Each structure stands twice: as C-alpha cells, then as structure tokens.
Amino acid sequence: IILNYSSTIAFYNPALHSCRLLRKILGDGSMTSTADEFSKLNISADWASTAPNLHENLSLLSSQQVELAKVLIEMGQSHLFQHWAEPGVDDDEKRAFFDQIAKLNSSYPGGLAAYIKTARKLLADSKAGKNPYDGFTPSVPSGEVLKYGDDNFVQFEEAGIKDARKAAFVLVAGGLGERLGYNGIKVALPRETTTGTCFLQHYIESILALQEASCSLAGGDCRADIPLAIMTSDDTHLRTLELLEKNSYFGMKPTQVKLLKQEKVACLDDNEAHLALDPRNKYSIQTKPHGHGDVHSLLYSSGLLKVWHDAGLRWVLFFQDTNGLLFKAIPAALGVSTTKQYHVNSLAVPRKAKEAIGGITKLTHKDGRTMVINVEYNQLDPLLRASGYPDGDVNCETGYSPFPGNINQLIFEIGPYLEELTKTGGAISEFVNPKYKDATKTAFKSSTRLECMMQDYPKTLPPTARVGFTVMDAWLAYAPVKNNPEDAAKVPKGNPYHSATSGEMAIYRSHSLILRKAGVKIDDPVIQVFNGQEVEVWSRVVWKPKWALTFSEVKRKVSGNCSISQRSTMAIKGSNIALEDLSLDGALIVEAVDGAEVKVGGPVQNKGWTIENVDYKDTSIPEEIRIRGFRFNKVEQLEKAYTEPGKYSLKP
C-alpha cells in the first residue's frame with residue numbers, strides 16, 4: 001500500500017510496522033519516514049510474531065536502540081518483551097530498559113551477544129559435568145621461596161625498591177564490609193586501632209614511601225609519581241571518592257589516583273542463557289557483580305594501561321582491599337619479578353594440604369599446552385588423585401603442600417600484559433556456578449551469571465610466557481579481614497580466622513617478629529580470646545611505612561640493647577626516628593616531621609594501655625571496634641611530637 005501525505009511517501013508493511021506506528025508517521029508529517037529508517041535496519045519479517053509487544057513499541061526507540069533490540073531477538077531473548085504494555089503506557093520505563101541494555105552491552109568485551117554465547121557454552125559444560133581440567137596433569141611450578149631477613153631476601157628487597165618508581169598499583173575495592181559486620185566500605189575500616197589508620201590511608205602512605213625510597217636510590221632529578229588505580233563498584237564508588245577527598249587523598253596528588261567503576265553483568269535464568277528480569281520490575285534486567293577479573297578489561301578499555309606503558313612504567317601490582325600486611329612483602333616480590341624477569345608473578349604463602357586456599361599449579365595438557373594458574377583447593381585434590389597421585393593433596397617434607405597458597409596479590413610486566421589484552425580486548429577466562437534445583441540440572445534455584453577472577457589471567461597466555469610465584473611466610477604477607485565474628489568463631493582451631501580480630505593481631509605479631517629479627521628483645525605473646533577467637537597477643541607495635549619499608553631500614557634504625565615488654569604499645573610516626581638502647585614497658589607514641597631526627601632511648605615505663613574485651617552484639621560500641629572484640633583503655637603513655645626540623649633526643 002502506498003500512501004501520499006504532504007509530499008511524504010510511506011511504504012506500509014505490516015511485517016515492519018504496527019497500525020499505531022503508521023498513525024504516528026501520518027500524524028507528524030515527518031519528512032523522513034520512520035518506516036524508511038527501520039527498513040535500513042534490516043528488521044526481519046518475523047519480528048511481529050516473535051516479539052509482538054516490542055514490534056508495537058518500535059516507534060519509541062532510537063535507531064541505536066532498535067539495533068540493540070535486534071541483538072536481543074537474534075540471541076533468543078524475545079521473552080524480555082512478553083509483558084511490555086502498549087505504546088503510551090510505561091514508555092519511560094521502556095526507554096530506561098534500553099539504557100540499561102546499552103550499558104550492559106558496552107561494558108562487556110564483545111557485547112551482550114558474546115556474553116550470551118559464552119554463557120550457553122559454559123552452562124552446557126556445567127550441565128554435562130565437564131571437568132575444566134580434563135587432559136591436564138598437575139605439577140609444581142618454578143618460583144622463589146623467600147626467608148625473611150636472609151641475604152637473598154635483602155637483595156630482592158633492594159631490587160624491588162629500585163624498580164618501584166616504574167610501577168603502578170591497582171587496588172580492587174568493589175566490596176562493602178557487610179560480611180564483616182561493618183556497614184561502610186572495607187577500605188575505610190581501621191587497619192589497626194592503635195593509630196586508627198584505615199586501610200586506604202595505609203596503602204597510599206605505603207606507595208608514597210616506596211616512591212620516595214625508589215627516587216632516593218635512583219638519584220638525580222627523580223620525579224616519579226607512582227600511580228594508583230582503584231576499581232570500585234556501584235556500592236563503593238562515591239564513598240571511596242568521598243573518603244579520598246575528605247582526607248586530601250592521604251597525601252597523594254589527586255592526579256595520581258584514578259577510580260575505575262566496575263559495572264555488573266546480566267543474570268541468567270536457565271541453561272539456554274535467557275536473561276533474567278528483575279522480579280520487582282519487568283522493565284529491568286537482574287544484574288550481579290561479574291567478579292574482580294573485570295579489572296583487566298577496565299584497565300584496557302579505559303586506556304589507562306596504555307598511558308602507563310607509554311609513560312615508561314614497567315610493572316603493575318594488583319592487591320585486594322583488606323590485607324594489612326601486603327606492603328611488607330611488596331619490595332621483595334617486586335625484586336623477584338625484576339630479577340627473574342617474570343611476566344606474571346603471584347605472591348603466595350606456604351599452604352597446608354587441603355587448606356581452604358587455592359594452590360599455584362603448573363598444568364600440562366596432553367596436547368602439549370602448559371599454564372601456571374591458581375587451582376581452587378576443592379579442585380586440586382581430585383585433580384591430583386586423577387593424575388597419578390593416589391594420596392591427592394598432601395604435605396611434603398617441609399610440613400606444607402608443595403603447591404603454594406594463592407593470596408591474589410599479583411605483579412605483571414606491563415609490556416606483555418598490554419600486548420595480551422590487546423589480543424583479547426580485555427576479556428579473560430570466565431566460569432559459571434549455577435545452583436540447580438535437582439540432579440537433572442534442568443532448572444536453577446535462583447538466577448546465575450558469568451564470573452571471572454583476576455588471577456585467571458594466565459589461562460590465555462602462550463607457553464613462552466614467564467609465569468612464576470614468590471612465597472613468603474604468612475606472618476609477613478597475609479592477614480586478610482573478611483569474616484564476621486560469628487563466622488570466625490566457627491573456624492576449626494588452628495585454622496586462620498581472617499577476621500578484624502586476627503587481622504589486627506597479625507600486624508602486631510609481624511612488627512614484633514621483624515623487630516626481634518633486627519635484634520630487639522621482644523617478649524613472647526600471651527593467648528587471649530576475643531569474640532570467641534583464640535589469638536596471640538604480641539606487643540602492640542606499629543609504624544608508619546615511611547619509617548621502614550624493608551628489613552635493612554629497620555636494622556639501620558634500631559641499635560644497642562632494645563627491649564619491649566608484652567604489655568607495651570609503641571607507635572612510630574616519622575621517617576627519622578631511631579631506637580637506641582630503648583627499654584619500653586608501657587606506651588610510647590613518637591611523631592616527627594620529615595626534617596626532625598629523633599633518637600629514642602633509655603627506660604620508658606608507665607601504666608600503658610590495657611586491652612578490654614567488648615561484645616560484638618553491644619550496639620552502643622562503634623562497629624569498627626565491636627567486630628574486633630576488644631578496645632584499648634589508654635591509661636597512661638609517653639607521647640611526644642616533633643613539629644620542627646632539627647636533631648632531638650628523647651631519653652626520659
């Protein structure tokens with residue numbers, strides 16, 4: 001049928017337009033007919049029968065939105081429009097639906113079509129019970145096992161400090177503290193309560209201390225500003241920005257810090273990868289987090305990785321939000337990367353067999369392919385048993401599993417990393433973990449989604465890639481805070497609690513052991529119970545990163561016969577504070593500006609700070625204290641602040 005109206009000719013094809021759409025064309029006298037626009041988009045004739053409600057509403061959509069609709073129809077997603085109302089009803093909600101679709105499409109490498117195709121394959125593999133490690137034989141990969149304080153360790157630390165000015169840091173911080181019993185963002189949680197320094201402040205101060213130490217080693221006119229990227233989420237983005245701005249970026253230049261917001265991915269309703277609608281809104285797709293593996297695509301798509309590469313940076317270091325000991329291990333681990341020229345270096349800790357932590361494993365396929373990756377603990381034991389190791393995952397003569405424990409702190413060489421992401425578009429290996437209703441695996445208990453983990457990046461690397469690991473003692477490198485008091489109290493005795501209680505006590509233990517290694521007499525700890533967790537309580541010793549980043553620095557700043565009693569508290573807040581024949585039995589807080597050189601010595605004795613138990617159910621106590629199960633009663637201390645440059649002596 002050809003209709004002529006005010007010099008406008010519209011070709012009416014029922015397969016392309018509803019009557020309402022035709023009336024719209026005739027009514028507005030548009031010089032360019034909507035029909036012509038849709039004809040150019042090659043909409044197939046079966047749209048009217050496949051998605052009649054969408055077909056009726058085409059006039060609401062822009063040409064870009066129609067293209068997205070085509071993708072959805074072609075990928076078998078016509079159910080999304082089943083409950084759409086007629087034009088004129090809920091029109092704003094329909095447009096909002098396509099705004100969401102556009103975001104889901106643009107934030108995933110390859111778009112929604114790639115997401116759905118991958119999902120169908122992984123869901124089919126899951127239903128069939130396919131083992132992702134079929135054909136692979138596990139073996140122990142090569143790497144460095146370091147002993148804190150020995151000559152080898154010191155050499156690696158020095159090499160790491162030297163190369164730190166060529167590094168960039170990436171903090172994965174998309175999570176809230178709800179799992180901990182804390183309603184804020186996790187990086188705002190105090191790392192320890194002696195000084196109250198939050199995790200984010202500690203991380204930034206550690207990076208700034210590395211920057212200064214590396215530049216002083218480089219000599220000359222070194223102006224390196226080590227960049228920090230923070231991956232946030234909808235839950236944490238604004239609160240992270242607010243924390244930074246409120247505290248003047250904790251001493252960093254605002255230009256050094258980049259926030260990259262992670263988007264969520266679409267949920268899946270069934271084995272056919274039908275996208276799940278939000279049960280509360282028929283015009284919205286249900287979404288969930290994709291996992292911290294998104295950090296790779298964000299660094300690539302934002303162009304930040306290329307900026308770093310072009311600026312001459314060599315390393316990128318990934319770390320997670322609540323490991324308060326991480327920067328004790330960074331200098332030596334980076335030294336291993338630069339000395340061994342690793343493309344990928346996973347920081348690891350000794351791991352007991354069957355411990356609930358993934359193991360770094362070399363996998364060799366029968367077709368010759370090899371890769372060094374993290375294998376989850378519940379997959380490692382059956383994999384070993386199926387590969388000629390009848391006892392599975394067992395401890396060797398060291399008392400630990402030969403497969404070191406992955407702690408998700410990674411160091412990549414930027415050049416090969418950028419080259420690989422350019423090939424993949426930032427995409428990395430994904431997995432799906434549907435919860436089935438029954439053994440038939442035909443229906444899910446609830447919607448699922450694709451997930452990815454940043455440590456799975458090496459899965460796509462060629463065999464020529466140099467992938468290794470660096471093992472350090474857990475007391476030095478690993479004390480994550482991720483469990484609430486109730487869950488931590490249920491952990492079998494002898495296993496790590498990974499709570500705010502154990503995380504803070506681990507910091508005091510680490511500092512006490514480092515000082516003991518440097519020659520300070522440190523009393524043994526006592527055992528106490530907080531929030532149902534039995535922990536070692538060492539002397540409460542903390543220092544700012546700029547005081548000492550490496551073992552060599554600690555040794556330089558400690559001399560004579562120093563001793564610290566178990567009940568003591570000591571906080572060192574300054575770069576040029578030396579301990580000389582100090583005998584501490586009580587509380588000592590020393591702060592000094594950069595130009596002040598302070599020698600602290602002699603006997604310091606006072607009533608100190610006592611530790612009081614608190615009940616995590618007592619809502620009158622702040623959450624960040626309650627989740628630890630203890631607080632300090634600051635009875636008496638010697639506190640001294642040096643605010644002017646000069647040479648000082650503090651000897652009571």
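The expected span of a helix is 1.5 Å times one less than its number of residues. Helices (H or I, at least four residues) and strands (E, at least two) are DSSP runs, numbered from the N terminus. The model is predicted: local features need pLDDT of at least 70, side-chain atom pairs count only at pLDDT 80 or more, and totals for chains, interfaces and linings use all residues. Residues are numbered from 1 along each chain as its sequence is written, and side-chain values use heavy atoms, with hydrogens and water left out.

**Exercise 1. Describe helix H18 and its two ends.**

Step 1: length. H18 covers residues 500–517, which is 18 residues. From first C-alpha to last it reaches 26 Å, close to the expected 26 Å.

Step 2: cover. Buried means under 20% relative accessible area, exposed over 50%, partly exposed in between (1.4 Å probe, protein chains only). Of the 18 residues in H18, 15 are buried, and the helix is mostly covered.

Step 3: the start. A side-chain oxygen of Ser499 comes to within 3.3 Å of the backbone nitrogen of Thr501.

Step 4: the far end. Gly519 follows H18, with a positive phi near 105°.

**Exercise 2. Locate His498 and Tyr249, and state the phi of each.**

Step 1: the background. Most residues other than glycine have a negative phi.

Step 2: His498. Its phi is positive, about 50°, although His498 is not a glycine. His498 lies in the loop between helix H17 (485–489) and H18. With a relative accessible area of 16%, His498 is buried.

Step 3: Tyr249. Its phi is also positive, about 55°, and Tyr249 is not a glycine. The loop between helix H10 (237–246) and strand S7 (257–261) holds Tyr249. Its relative accessibility is 13%, so Tyr249 counts as buried.

**Exercise 3. Work out how H8 and H9 pack.**

Step 1: H8 alone. H8 has 13 residues and spans 19 Å between its end C-alphas, close to the expected 18 Å. Its buried residues include Phe153, Phe156 and Ile161.

Step 2: the geometry. Axes are lines fitted to C-alpha atoms, for helices over the stretch in contact, and angles run from 0 to 180 degrees between N-to-C directions. H8 (residues 151–163) and H9 (residues 199–218) meet at about 95°, with axes 7 Å apart. Angles under 35 degrees count as roughly parallel, over 145 as roughly antiparallel, 65 to 115 as roughly perpendicular and the rest as oblique. H8 and H9 are therefore roughly perpendicular.

Step 3: the contact (heavy atoms within 4.5 Å). H8 supplies Glu158, Ile161, Lys162 and Asp163, while H9 supplies Leu210, Ala213, Ser214 and Leu217.

**Exercise 4. Apply the packing analysis to H5 and H6.**

Step 1: the geometry. H5 (residues 63–74) and H6 (residues 91–106) pack at about 70°, with axes 10 Å apart. This pair is therefore roughly perpendicular.

Step 2: the partners. Among the residues in contact are Leu68 and Leu72 of H5, and Phe97 and Phe98 of H6.

**Exercise 5. Find the surroundings of Glu451 and Asn606.**

Step 1: Glu451. Strand S18 (residues 450–452) holds Glu451. At 19% relative accessibility, Glu451 counts as buried. Leaving out residues up to four places away in sequence, Glu451 touches His290, Ser429, Glu430, Phe431 and Asn433.

Step 2: Asn606. Asn606 sits in the loop between strand S29 (596–605) and strand S30 (609–613). At 9% relative accessibility, Asn606 counts as buried. Setting aside neighbours within four places in sequence, its contacts include Arg567, Asp585 and Glu636.

How values were computed
A polar contact is a pair of N or O atoms within 3.5 Å; within protein, one must be able to donate a hydrogen and the other to accept it, and residues adjacent in sequence count only if both atoms are side-chain atoms.
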